[in-house]
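Here are a few short exercises to work through with the model open beside you. Try each task before you read its solution.

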Amino acid sequence: MKRYIVLFTLAVLAVASLVVAQTGSQATLRTAAGDKSLSSIQQGGRTYFAAEEVITTLGGTIVPDNQGYRVTLNGRSGAFAPDSKFGVVRDDLIEMPAPPVVVDGKAYVPWQFFDGFLKSESNVEVQWDEATRVLSIRPRAQQVTTAQVSIVDLQGISKVVVELSAAVDYVVAREGNSFVVRFKSPIRPPFSEQTYENPNVTHASFTSDLLRLDLTGPDVAGNSYRLENPFRIIIDLKKGVAPVEGNPVGHVNLKSVDAPGIRTIVLDPGHGGKEVGAVGPDGLFEKDATLALCKKLSPLLASKLNARVILTRDDDSTISLTQRTAIANQYQADLFISIHLNASLLKSAHGTETYFLSVEASDELSKRAAERENDLSAATTTPAAASSSDLKLILWDLAQQEYLKESSRLAELIQNELSVAVNVPSRGVRQAPFKVLVGATMPAALVEVGFISNPEEEAKLKDDKFQAGLADAIVRAVGTFKTEYETRIGITPAAVPVATPPPAVPTATQAQAGRK
């Protein structure tokens, strides 16, 4: 765990917790080593347990700091703070029925914190029996792990998705003309044999401890990675130079260019499939307009900037918000740009605006814009993952923070170019907690290229010439960003300073004032 985000300091919260009535009581902690007395308190009809007593009994450590409590146990790191009912373990959230409390400098947590921390270990479970007042942490009853296998094609890459009902240990390797997944615990296979009409996979066989994927030829290369919630093993297969037999697949890099700089750009056409997005008064779907613009933008970026460009979707597919940034991370993209259309109850609302990620929105309109986009995709995300509290916890990672400055500059350049090129009002650069930008490990921006709810802008957005103007503006902005970035890291010679500065982008406050 690298960083933990909380809203208040422990000192304030500790004082606040003392004014709430608590009743001290004893419980029993039952582990494989035997029973032990455990301090607990009653508050608001709930039982809270002394976190340090449980963690240290299990062989872990718990360390308070000015932001919360850091927990290390069985090689995993986590955290919790008394201001939030969400804790974290690695990058996953732990939801508790109520926030922890601090009494006399001692942290007490609901038993669900321990359950969430340990549940990734398939052989451990946590239970609380109120009648006997026993908190038991014991080996989990043996459960059969089930699996589902699917193969989809995305821009020349066959994505093999093995979804499992529980996390398991495994190894992926090349064996001859096959890739194999060896499981270290028994799996209930969904099939024994399966054939495919696929450019990279011809056949699959599945036993209790092994999945074998037979390839169409020795030139198929690949890499693998895992995703959580639900647990999935992803194997990406692509025509290329095959890896050395026996090497883990994860060592093969599908990225075509390893040189530093802006080499790979992922474009994200907003919405898709059953998520149509906003709809214009003349019936234009946001999902169609964003895809059309990205299909114009993609070849321009590739040809003018000599970049590899990946689309998160190139057809009318439904893709979840988390999958979009996962694609960008998978391809080790240097930039991520999500294209959307704005909407308003005011038919007169018009203009462009560009966003970069922030936990807190820069103004109320930005907050509502993020809520609208996040809610429109709620069908493919969990309710908890869409909440503001979740975003605050997900964004603890210091590595995420280092991209915000670059993302701000990228958004500024895009907004400058759009406002000049297509002669539409600039609504400024803004910050908001857009779910689609969370987790991107590269500079990222979300561009609202116009208001589909405005009849005049809807008509423009259907026009090829207007779309081309938008695409050209974004290419120029990305080109400037690329030059600045590569100059800064020393791979492009510094250019002669330009005498005329770019047009100023109004702040969110100025833009809002101009619309009144």
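**Exercise 1.** In this predicted model, work out the strand order of the open sheet formed by 5 strands, and find which strands stand at its edges.

*Solution.* Start with the order, which reads β4-β5-β6-β7-β8, with antiparallel pairing. Next, look at the two ends: β4 (61-64) and β8 (92-95) each have a single partner strand, so one side of each is left without a neighbour in the sheet. Finally, follow the twist, which averages 25 degrees from one strand to the next.

**Exercise 2.** Zoom in on β6 and describe how it is joined to β7, then find what lies across the sheet strands.

*Solution.* Residues 76-80 make up β6 and residues 86-89 make up β7; the two run antiparallel and are joined by 2 bridges. Within this pair, Gly 78 is opposite Val 89 of β7. Now turn to helix α3 (residues 111-118): this helix lies across β5 (69-73), β6, β7 and β8, and runs at about 150 degrees to β6.

**Exercise 3.** Which residues touch the most other members of the largest nonpolar core, and which element gives the largest share of this core?

*Solution.* The core has 41 residues, and the two to pick out are Leu 267 and Leu 301. Elements giving two or more residues include β23 (264-269), α4 (286-305) and α9 (404-421). The largest share, 9 residues, comes from α11. To see one hub up close, select Leu 301: beyond its neighbours within four places in sequence, its contacts include Ile 265, Leu 267, Val 309, Val 475 and Val 478. A second, separate core holds 27 residues, among them Ala 27, Leu 29, Leu 38 and Tyr 69.

How values were computed: Residues numbered from 1 in each chain as written. Predicted model: local features only at pLDDT ≥ 70, side-chain atom pairs only at ≥ 80, totals over all residues. Heavy atoms only, no water. Pairing = 2+ DSSP bridges. Helix = DSSP H or I, 4+ residues; strand = E, 2+ residues; numbered from the N terminus. Axes fitted to C-alpha atoms, helices over the stretch in contact; angles between N-to-C directions. Contact = heavy atoms within 4.5 Å. Core = buried A, V, L, I, M, F, W, Y, C linked by side-chain atoms within 4.5 Å. Buried < 20%, exposed > 50% of the residue type's maximum accessible area, 1.4 Å probe, protein only.
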